[in-house]
Amino acid sequence: MPGASWEAHADLVVVGGGVAGLTAARTASLRGLRVLTVSKGGPTDTATQYAQGGIAVVAPENDSVAGHVADTVEAGAGLCDEAAVRSIVEGGPAAVAALTDLGAVFDLGRDGAVSRTREGGHSVRRIIHAGGDATGAEVQRALNAAGLPVLFGAAAARVVTDERGVTGLIVLSDNGVDGTAVGVVHAPAVLLATGGLGQLYSCSTNPPGATADGVALALAAGAAVADLEFVQFHPTVLFTPGGVGRRPLVSEAVRGEGARLVDAEGNSVTAGVHPLGDLAPRDVVSRAVADRMRGLGTDHVYLDARHLRGFAERFPTVTASCLAVGIDPAHQLIPVAPAAHYSCGGVVTDVHGRTAVPGLYAAGEAARTGLHGANRLASNSLLEGLVVGERAGAAATERAGVRVEVTDAALPREAAADRSALQSAMTTHASVVRDGDGLAIAAATLAEAPDRVPATTADLEDAALTETASALVLAARARTETRGAHTRRDHPEPAESWRRSIEVRRGASGALETPDLTLTGAR
């Protein structure tokens, strides 16, 4: 094909090498599909690798599907799809069993049973974990060890479609000889499992590759996204003066084991804010931390874990991160502040990963199944990646007989803002607490982004960040209320009229629109 350095054929292309992508790839392969998995990073450059807390899955005693569903719906602040929540929660035990069969090893208690902890928003101890606070690393290790072939250093540039749906994927890859090469994969099915959008902000717990690629690819292919305004900011990220980029997480499980959030004066940060106190849903705790920092004129608060026995053994990852910056959790307070952590929204799918575009699927953090609503319940993310990843891999078999051929490998011009300017605007105006004036400034900044044809992975990322930031700000400006992870300073209360999701898609002109609202955006 003219303009292409290499071509390949597959029944399914999986974009992303984390829990959702690799689970889908394995499932599809076991069902006889030819699967090509592409990842722009390396084998551990995933959000899965950094997940500390664990997997939320119904416990065999003193728990129930109904209880897990109720906790999830409560955290989701009225925007969860309860049927989707129930479906995914019910699939948890089987998904974890399959992962265990692959070799994943979870921590055991003194009685020899799988150990469980409790995190914010959960009414019981149902979170299973591995390596103390290295659950994601163990999940990633087990999936990597399954031996699935992955093309690393390959960034998805465009999902190609025709009137029948997906026909393939355009890829930019580093061929190691003369720079970036354009590749074409002819395939009737593409699964987006690209992770989140943390790099919209100056500080995040996400890896550098979390640049909202899936959202941008889906919008360009004609799919809808929803709930993008609900960005969960983790309330306890290790604070260091001037720290930017990926910041180490101080797992919510630390609070689950009894650590307390306090300010510089030793006062509780969450007392009187919520009945669950420090284990309230993350939006509540993040907002309480932000309010206390603003009230005291500080840029961080503290987590007091000095009274916890065996801290280093239970939380080796957190301990190592703290020691690296000169903090000993056994004897010192841990400085923490909120940072971008998880996107509750994403590409609109059903619980099998299907979008409205035939042959286009999404799973994991890139997708919006209806599980998280306005605020994700802690440790439901790895659960969703396992359950929906497996289902999406199975669903892709419905496209196995569709014969396709990509005939055009050209990449269109796309708006791409300067990344540092974009991150500064989003951090200042679309962070934990927002208001209409600030969001308007962010929108104006994004509207000035110049168009260019992407030629490198960095170009693709900048364009994806710009597109997703524009969609997020569009939805955030429209939502004139405070709900879940979305806090409007100028609209501090929830409004029943806003108990609905906001979908964003590209209109006929290519501009981002909210079809069910009168408000539309400039791009």
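Two strands count as paired if DSSP finds at least two bridges between them. Helices (H or I, at least four residues) and strands (E, at least two) are DSSP runs, numbered from the N terminus.

The model is predicted: local features need pLDDT of at least 70, side-chain atom pairs count only at pLDDT 80 or more, and totals for chains, interfaces and linings use all residues. Residues are numbered from 1 along each chain as its sequence is written, and side-chain values use heavy atoms, with hydrogens and water left out.

**Stop 1: strands 8, 9 and 10**

Select residues 154–162, which are strand 8, and residues 165–174, which are strand 9; the two run antiparallel and are joined by eight bridges. The hairpin between strand 8 and strand 9 passes through two residues. To find one bridge, pick Ala-154, whose partner in strand 9 is Ser-173.

Now add strand 10 (residues 180–186), which pairs with strand 9 in the antiparallel sense over seven bridges. Here Val-171 stands opposite Gly-183. How many residues of strand 9 are buried? Nine of its ten residues are, and strand 9 is mostly covered. Buried means under 20% relative accessible area, exposed over 50% and partly exposed in between (1.4 Å probe, protein chains only).

**Stop 2: the parallel sheet**

Next, show strands 7, 3, 2, 11 and 20. These five strands form an open sheet in the order 7-3-2-11-20, with parallel pairing. Strand 7 (150–152) and strand 20 (360–362) stand at the edges with a single partner strand each, so one side of each has no neighbour in the sheet. From one strand to the next, the twist averages 20 degrees.

Strand 11 and strand 20 are paired in the parallel sense over three bridges. One place to look is Leu-191, whose bridge partner in strand 20 is Tyr-361.

Then add helix 1 (residues 19–30), which packs on the sheet and touches strand 2 (12–15), strand 3 (35–39), strand 7 and strand 11. Contact means heavy atoms within 4.5 Å. The direction of helix 1 makes about 165 degrees with that of strand 3. For such angles, axes are lines fitted to C-alpha atoms, for helices over the stretch in contact, and angles run from 0 to 180 degrees between N-to-C directions.

**Stop 3: strand 14 and its surroundings**

Select strand 14 next. Eight of its eight residues are buried, so strand 14 is largely enclosed by the rest of the structure. Strand 14 pairs with strand 18 in the antiparallel sense over six bridges, and Phe-233 stands opposite Ala-340 in strand 18.

Strand 18 also pairs with strand 17, in the antiparallel sense and over three bridges. Tyr-302 has Pro-335 as its bridge partner in strand 18. Tyr-302, in strand 17, is also the bridge partner of Val-262. Strand 16 (residues 260–262) and strand 17 (residues 301–304) run antiparallel and are joined by three bridges.

Helix 11 (residues 316–324) is the next selection: Val-318, Thr-319, Ser-321 and Cys-322 are buried there. These residues cover an arc of only 165 degrees around the axis, which puts them on the same side of helix 11. The arc is that of the directions from the helix axis to the C-beta atoms. Packed against the buried residues of helix 11 are strand 14, helix 8 (252–256), helix 10 (311–314) and strand 18 (334–343). Just after helix 11, Gly-326 has a positive phi of about 85 degrees.

**Stop 4: the aromatic rings**

How many aromatic pairs does a search of the whole structure find? It finds two. Rings of Phe, Tyr and Trp (its six-membered ring) pair if their centres lie within 6.5 Å; planes under 30 degrees apart count as stacked, over 60 as edge-to-face and the rest as tilted.

Tyr-201 and Phe-233 form an edge-to-face pair, 5.2 Å centre to centre, with 75 degrees between the planes. Tyr-201 lies in the loop between strand 11 (190–192) and strand 12 (203–204), Phe-233 lies in strand 14 (residues 231–238), and the two are 32 residues apart. Tyr-201 counts as buried at 2% relative accessibility, and Phe-233 does at 6%.

Phe-311 and Phe-315 form a tilted pair, 5.2 Å centre to centre, with 45 degrees between the planes. Both Phe-311 and Phe-315 are buried.
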